[in-house]
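This report is intended for a reader who is meeting the structure for the first time. Please consult the sequence and the model shown here while reading the sections that follow.

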Amino acid sequence: MTPSELAANLERLERELPGELRRLLTATALSAEAKAKVNATTSPKVRSGRLRASITGSVEQVAGDFAIVLRAGTRDGGAVAYARIQEEGGTIRPKRGRFLKIPVGPALTGAGVARLPPGRAGKQLRFVPTSKGGLLIAADGQVWYVLRPQVTIPARPYLAPALRAVEPQLQTRLDSLIRDSVTR
């Protein structure tokens, strides 16, 4: 290869490679997004589908470098507040009052989503102490809520495993892209 041919190839690479790299990274980001949505379907248990719908994969340019970004928790219509705690785990404490009110039994729909509190459904609520010093809220002899000062949620990662799953594919695709670009 002559010096002028080499210079022409380098100029072509400088023009074409960023676009090709961005396309490859975008395809990988979309693959990671799909895997994360599957992960969010199996654990944590799906109730409304809002978490899964909030997952997005994209490619961003930061300080001249491309990065695959996988996000969850923001979507059209509002934030999905529990996205981070599902991924990382942590402790939830009440924002107001001393206790978290956790719906159980008749306070849940078939999908596990809280329904109207019994007081709004015309039932008489009462606090019931437990033998271990806890508190329950009951109506008509049925426990509707358990009161807890805090709850620890275990980590149920759905984003990080998706990124790890696409990493070997990305490496193979990058190697192929570079080899093909140089040999053209």
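## Confidence of the model

Among the elements of this predicted model, strand 3 (residues 74-75) has the lowest mean pLDDT, at 74, while strand 5 (residues 90-92) has the highest, at 96. For the protein, the mean pLDDT is 86, and 93% of its residues reach 70 or more. Where pLDDT is low, the predicted coordinates should not be read in detail.

## The surroundings of E33

E33 is placed in helix 1, which spans residues 3-42. E33 counts as buried because its relative accessibility is 16%, and the limit for a buried residue is under 20%.

Leaving aside residues up to four places away in sequence, E33 touches I55, T56, G57 and L70. With G57 there is a polar approach as well: the side chain of E33 reaches the backbone nitrogen of G57 at 2.9 Å. A separation of 8.1 Å is found between the C-alpha atoms of E33 and L159, although these two residues are 126 residues apart along the chain.

## Two salt bridges

How many salt bridges does a search of the whole structure find? The search finds two.

One of them involves E33, whose side chain meets that of K37 with an N to O distance of 3.2 Å. Both residues belong to helix 1 and lie four residues apart, about one turn of the helix. The two partners differ in their classes of accessibility: K37 counts as partly exposed at 26% relative accessibility, whereas E33 counts as buried at 16%.

The other salt bridge is formed by E60 and R71, with the closest N and O atoms 2.8 Å apart. E60 lies in strand 1 (residues 56-62) and R71 in strand 2 (residues 65-71), so this pair ties together parts that are eleven residues apart in sequence. E60 counts as partly exposed, at 26% relative accessibility. R71 is also partly exposed, with a relative accessible area of 39%.

## A sheet of four strands

In which order do the four strands of the open sheet lie? The order is 6-9-8-7, and the pairing is antiparallel. Strand 6 (100-103) and strand 7 are the edge strands, since each pairs on one side only. On average, neighbouring strands of this sheet are turned by 30° against each other, with direction ignored. Strands of a sheet pair through backbone hydrogen bonds, either parallel or antiparallel.

## Pairing within the sheet

Strand 7 (residues 125-129) and strand 8 (residues 135-139) run antiparallel and are joined by five bridges. One of the residues involved is P129, whose bridge partner in strand 8 is L135. The two strands form a hairpin, with five residues between them. In the turn of this hairpin, G133 has a positive phi of about 90°.

Strand 8 also pairs with strand 9 (residues 142-148), in the antiparallel sense and over five bridges. Here the bridge partner of A138 is V143, which belongs to strand 9. Strand 8 thus takes part in both pairings described in this section.

Note on methods: Residues are numbered from 1 along each chain as its sequence is written. This is a predicted model: local features need pLDDT of at least 70, side-chain atom pairs count only at pLDDT 80 or more; totals for chains, interfaces and linings use all residues. Side-chain values use heavy atoms; hydrogens and water are left out. Buried means under 20% relative accessible area, exposed over 50%, partly exposed in between (1.4 Å probe, protein chains only). Contact means heavy atoms within 4.5 Å. A polar contact is a pair of N or O atoms within 3.5 Å; within protein, one must be able to donate a hydrogen and the other to accept it, and residues adjacent in sequence count only if both atoms are side-chain atoms. pLDDT is the predictor's confidence in each residue, from 0 to 100. A salt bridge is a side-chain nitrogen of Lys or Arg within 4 Å of a carboxyl oxygen of Asp or Glu. Two strands pair if DSSP finds at least two bridges between them. Axes are lines fitted to C-alpha atoms, for helices over the stretch in contact, and angles run from 0 to 180 degrees between N-to-C directions.
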